[in-house]
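Hi,

Here is the structure I promised to pass on to you. Have a look at it first, and then read my notes below.

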Amino acid sequence: MSHAALVMTALWAHTATAHADMDFVPQPKMTVECGASGCLVGADHGCVVIGTHTRECAWQSVAAAEAGCGAWDECKAFVCMAGGKFCFARGNAALVPTAPGSDLQAYTKSGAAAIEY
C-alpha cells in the first residue's frame, strides 16, 4: 500500500472514530421537531425504519442513537421516548419545549448549532 493510501486510511479511521465518540447533551423537557430539514429517514446508520409512510430513522436505545447519530454528519440531534425505547434522528438541533405530560427528551450533538439547517 502506498504512503498516500496509508495516510488516507488512517485519516478515515480517525474520522470514523471521532464521529462515533461524539458527545451528546441531554436536553430535559425539550424536543427537536423535524422542521425544514425534515426527519431523517432510511435504514442506514443502524436505524430501524418506523412508519411505512415516513420511513423515519429510529434506534432502540440511547446508546444505539449516540453511536448512529454520532457517525452521521447530517444527524444533529435525536429525540427519545421515555426510557430511550425509541430514539428518532433529527437533521437540526432547534430545541422547543415539550408539551405538558410529554415523555420526550432531546439529545443534541455537542457544538451543534440550535438553528434550522
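Let me start with a question: is C75 buried or exposed? C75 is buried, because its relative accessible area is 0%, and anything under 20% counts as buried. Please keep in mind while reading that this is a predicted model.

C75 also has a bonded partner. A disulfide links C75 with C69, with an S to S distance of 2.1 Å. The torsion about that S-S bond is -100 degrees, which makes the link left-handed. C69 is buried as well, with a relative accessible area of 0%.

That pair is one of four disulfides in the structure. If you count the bonded cysteines along the chain, the pattern reads 1-2, 3-4, 5-6, 7-8. As a quick reminder, a disulfide is a covalent bond between the sulfur atoms of two cysteines.

Now for another of the pairs, C47 and C57. Their sulfur atoms are 1.7 Å apart, and both cysteines are buried. The link is left-handed, with -60 degrees about the S-S bond. C47 sits in the loop between β2 (30-32) and β3 (48-50), while C57 belongs to strand β4 (residues 56-59), so the disulfide ties together parts that are ten residues apart in sequence.

C34 and C39 make up a further disulfide, with S to S at 1.5 Å. Here the torsion about the S-S bond is about 45 degrees, so this disulfide is right-handed. Its two ends also differ in burial: C34 is buried at a relative accessible area of 18%, whereas C39 is partly exposed at 26%.

On to the core. Which residues touch the most other members of the largest nonpolar core? They are W59, W72, C75, F78 and A89, out of 14 residues in that core. So C75, where we began, turns up here again, because it is both buried and one of these residues. The elements giving two or more residues to the core are β4, α2 (62-70), β5 (77-80) and β6 (87-90). In soluble globular proteins, nonpolar side chains tend to be buried together.

W72 is a good residue to click on. Leaving aside residues up to four places away in sequence, W72 touches L40, V41, H45, C47, C57, W59, A89 and K109. Both cysteines of the C47 and C57 disulfide are therefore among the contacts of W72.

Happy to go through any of this with you.

Cheers

Definitions and conventions: Residues are numbered from 1 along each chain as its sequence is written. This is a predicted model: local features need pLDDT of at least 70, side-chain atom pairs count only at pLDDT 80 or more; totals for chains, interfaces and linings use all residues. Side-chain values use heavy atoms; hydrogens and water are left out. A disulfide is a pair of cysteine sulfur atoms within 2.5 Å. Buried means under 20% relative accessible area, exposed over 50%, partly exposed in between (1.4 Å probe, protein chains only). Helices (H or I, at least four residues) and strands (E, at least two) are DSSP runs, numbered from the N terminus. A nonpolar core is a set of buried Ala, Val, Leu, Ile, Met, Phe, Trp, Tyr and Cys residues joined through side-chain atoms within 4.5 Å. Contact means heavy atoms within 4.5 Å.
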